[in-house]
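User: I would like to learn how to read the backbone, the helix packing and the empty space in a model of this kind. Could we take the features in turn, with the general idea before each case?

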Amino acid sequence: MKRIYNFNPGPATLPLEVLQEAQAEFLDFDDSGMSIIEISHRSKPYERVHNQAKADILELMNLGDDYDVLFIQGGASLQFAMIPLNFATVKNPGSYVLSGTFSSNAYKEAKILGVAEVAASTKDENFKRVPNQDELKINPNAAYVHVCCNNTIYGTEFHYVPDTGNVPLFADMSSDMLSRPVDFKKFSLIYAGVQKNLGPAGVVIVVAKKSLIEQSLETLPTMLRYDTFYKKNSLYNTPPAFSIYMVGKVAAWIKNSGGLVEMARRNSIKAKLLYDAIDNSDGFYRGHAEKNSRSFMNVTFRLPNDELEKKFVAEALEHNLSGVKGHRSVGGMRASIYNAMPIDGAQALADFMNAFKKSNA
Ligand SMILES: *Cc1c(COP(=O)(O)O)cnc(C)c1O
């Protein structure tokens, strides 16, 4: 068996222990004589998986009984539409902080519905930083302020929780959910497509205040209403059982590894290794993000020219370092170092960066 260091942005690397555990129990799950993807979503063994995953996520986030966890399909991209459909109106619009591609996509959906406004934007600076608190225009009549905490494509991250006063704070945490301790209570609604940091593609975790999701507009179709998922424990229709099962395993792995404090410790070591390689390269590597907005999850950088960038990707792969090519809208390189990336993997990439610079500068 050959496992390589996988720096892909999503779907992304998962903890080896989790994959092995799933493999070991795949053919006969919980003495059922069936695999987890063959049993009924109404069966006791599945119900245990489903409810344990929810409980572990809330525990990791240090949230109490006033929040619930929903499992919804359609990716983070469907949340871009569900949020304004459920909460925004012309009089009380959704207010969007534009800090990259996905926050702009979220804004676009609300705009289609005619219920969007902009709270701040760093588009003019090619999204190389996130807006500061004092740049946020908080409209007291807004239904919510929407932020994207980690900008997966540009490699920037909020290192503060925006203060939105009495306006509920909503966040797309797809690419940094459960990567570090956050005061999650400051958020009214958080969502994350799990395929970045928490599991295989197929499910979105929505963590929201119960008071917000217990009653949706009567005019909304069943599957677009948060209250459908809330009232039916995300079992109104068939849930993506395998994705939820894997997310549960990853949440347990985080708990057993020392929780979010330990994730943050590891993630900051990995990020420092790569940012040091950039900063100590005499300008050979140029980071995209401004230093105080640098992401601990996605490290973006460029080389002096296209040819060297192609060569870097090819030679990295020869060193078992895969998935370092950046997104076409930013160019250059992107190394995604989610929870499951071992420190050894970041060290191997930093060593490779230093050696590549020496022989190509
Ligand atoms: C990948 C990503 C999305 C899009 O997720 P889908 O599940 O593919 O719709 C949204 N937001 C962020 C921050 C992402 O990284």
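Analyst: Helices and strands here are DSSP runs, of at least four residues for a helix and at least two for a strand, numbered from the N terminus. The model is a predicted one, and with that naming in hand proline 11 can be placed in the loop between S1 and H1.

User: Which residues are joined by a cis peptide bond, and what is omega there?

Analyst: As a general idea, most peptide bonds are trans, and most residues other than glycine have a negative phi. In this structure glycine 10 and proline 11 are joined by a cis peptide bond, with omega at about -10°.

User: Where is aspartate 31 found, and what is its phi?

Analyst: Aspartate 31 is found in the loop between H1 and helix H2 (44-60), and although it is not a glycine, its phi is positive, at about 60°.

User: How should I read the packing of H9 and H10?

Analyst: Two packed helices are described by the distance between their axes and by the angle between those axes. Here the axes of helix H9 (residues 306-318) and helix H10 (residues 343-360) come within 11 Å and cross at roughly 135°, which means that H9 is oblique to H10. The crossing of H9 and H10 is right-handed.

User: Which residues of H9 and H10 meet?

Analyst: From H9, Leu308, Lys311, Phe312, Glu315 and Ala316 meet Leu349, Phe352, Met353, Phe356 and Asn360 of H10. Sorted by class, this contact of H9 with H10 has 7 nonpolar, 1 polar and 2 charged residues.

User: What lines the largest pocket?

Analyst: The general idea is that a probe the size of a water molecule, rolled over the atoms, shows where empty space is left. The largest pocket has a volume of about 360 Å³, and of the 18 residues that line it, Thr13, Leu14, Leu16, Ala340 and Pro342 lie nearest its centre. Strand S1 (5-6) and helix H1 (16-24) are the elements that give two or more residues to this lining, and H1 gives the most, with 3 residues. By class, the lining of the largest pocket divides into 12 nonpolar, 3 polar and 3 charged residues.

User: How many cavities of 30 Å³ or more does a search of the whole structure find, and which residues line the largest cavity?

Analyst: The search finds 1 cavity of 30 Å³ or more, and about 40 Å³ of space lies in the largest cavity. Its lining is made up of Phe71, Ile72, Gln73, Met223, Phe229, Ser234, Asn237, Thr238, Pro239 and Pro240, which divide into 6 nonpolar, 4 polar and no charged residues.

Definitions and conventions
Residues numbered from 1 in each chain as written. Predicted model: local features only at pLDDT ≥ 70, side-chain atom pairs only at ≥ 80, totals over all residues. Heavy atoms only, no water. Axes fitted to C-alpha atoms, helices over the stretch in contact; angles between N-to-C directions. Parallel < 35°, antiparallel > 145°, perpendicular 65-115°, else oblique. Left-handed = near helix turned anticlockwise from the far one by under 90°. Contact = heavy atoms within 4.5 Å. Nonpolar A, V, L, I, M, F, W, Y, C, P; charged D, E, K, R; others polar. 1 Å grid on protein atoms, 1.4 Å probe; cavity = no way out; pocket = protein on both sides within 12 Å on 5 of 7 lines; lining within 4 Å. Points joined across faces, edges and corners; volume = space filled by probe spheres on them.
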